[in-house]
Amino acid sequence: MATATDSSLQELSDWNAWYRQKFGFVFLICASGRSTSAILAELKKRYQNRPIVEFEIAAQEQMKVTELRLAKVLSTGENTGSSQSATTFQEKAGEDRVSRIGAHLTATSAKTSVIPRRTRPPVTTHVLDVSRGSPAAGIEVLLEMWKGNRPPSFGEKETGGWVLQGTSTTDKDGRSGQLVGITDAVNPGIYRISFNTGEYCPSGFFPFVSIVFEIRESQKLEHFHVPLLLSPFSFTTYRGS
């Protein structure tokens, strides 16, 4: 990394930001012995992974980093005076290793037991124009939450109302801005996300697209990514990560 240029560091920073937006955590890699170009190449390669695959790889890389740090910890304080017998030295070294490993694992356990705070809104979206094979920029997006006395159901007249939570417009990458505040626990309930597809594609079949989904009490700490895959005469959605 010491030989990295400003341009390569900026490119690495940009890719790390895209990686974090996709997976929800920063790019993890055991950088020992790797050049900036090698790290960047690995980042670009791993960016294509599915979230569940990338999470496992990131955990393995974190383990490599931890092992290197443990090796440095264990390598200190093991030199003793020449008058000490070999048996005593080995016993003390073993005790030191156990003590240091225990202290390290205790500290690591204390850190990982804390529930991580969100770094992005709990509800996000992006739009892809599958007819062009590219992100759909400039589409207005609305997020609403149902506030009626009883939840809406199929075929029944609505007796309550939808309350606007946030609005945004998709950027050049097809991603919307912040639709709801960054909070650790999202309010459970029924949500509706709507896209102004008629303005984006006036000759298309859909003047707008609305997707209704439910966040349950047991899911309030989870992330909900609700993308839209759009063409003039069809659309698809799914729950992403």
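**Entry 1: helix α1**

I began with the length of helix α1, residues 6-23, in this predicted model. How far should the 18 residues of α1 span at 1.5 Å a residue? I expected 26 Å, and the end C-alpha atoms lie 25 Å apart, which agrees.

Next I asked which residues of α1 are buried. I found S8, L12, W15, Y19 and F23. They share one side of α1, because their arc around the axis is only 70°. A rule from class helped me here: an α-helix has 3.6 residues a turn, so residues three or four places apart point the same way.

Then I looked at the other side of α1, where D6 and S7 are exposed. What do the buried residues of α1 pack against? My lookup gave two helices, α2 (36-47) and α3 (51-75).

I also checked what follows α1, and it is G24. The phi of G24 is positive, near 90°.

**Entry 2: the sheet with β4 and β5**

I moved on to the strands, and reminded myself that strands of a sheet pair through backbone hydrogen bonds, either parallel or antiparallel.

In what order do the strands of the antiparallel open sheet run? I wrote down β5-β4-β6-β7, which makes 4 strands. At the edges I found β5 (162-169) and β7 (209-215), each pairing on one side only. From one strand to the next, the twist averages 20°.

I followed one pair in detail. Strand β4, residues 140-146, pairs with β5 over 7 bridges, in the antiparallel sense. Two tryptophans caught my eye here: W146 stands opposite W162 in β5.

**Entry 3: the sheet with β9 and β10**

I then looked up another open sheet, with 4 strands in the order β3-β2-β9-β10. Is its pairing mixed or purely antiparallel? I noted that it is mixed. The edge strands are β3 (134-135) and β10 (234-237), and each of them has a partner on one side only.

Within this sheet I picked out β9, residues 228-231. It pairs with β10 over 4 bridges, and the sense is antiparallel. To find a facing pair, I checked L229, which stands opposite T236 in β10.

**Entry 4: salt bridges**

How many salt bridges does a search of the whole structure find? The count is 9. I looked at some of them by eye.

I started with R132 and D129, whose side chains meet in a salt bridge at 3.6 Å, N to O. Is each partner buried or exposed? R132 has a relative accessible area of 63%, so it is exposed, since that is over 50%. D129 has 4%, and it counts as buried because that is under 20%. I liked this pair, as it joins an exposed residue to a buried one.

My next stop was D173, which forms a salt bridge with K172. The closest N and O atoms of that pair are 3.6 Å apart. D173 is partly exposed at 35% relative accessibility, and K172 is exposed at 66%.

I ended with K220 and E217, whose side chains meet in a salt bridge at 2.8 Å, N to O. K220 has a relative accessible area of 29%, so I noted this residue as partly exposed.

Technical notes. Residues are numbered from 1 along each chain as its sequence is written. This is a predicted model: local features need pLDDT of at least 70, side-chain atom pairs count only at pLDDT 80 or more; totals for chains, interfaces and linings use all residues. Side-chain values use heavy atoms; hydrogens and water are left out. Two strands pair if DSSP finds at least two bridges between them. A salt bridge is a side-chain nitrogen of Lys or Arg within 4 Å of a carboxyl oxygen of Asp or Glu. Buried means under 20% relative accessible area, exposed over 50%, partly exposed in between (1.4 Å probe, protein chains only). Axes are lines fitted to C-alpha atoms, for helices over the stretch in contact, and angles run from 0 to 180 degrees between N-to-C directions. The expected span of a helix is 1.5 Å times one less than its number of residues. The arc is that of the directions from the helix axis to the C-beta atoms. Contact means heavy atoms within 4.5 Å.
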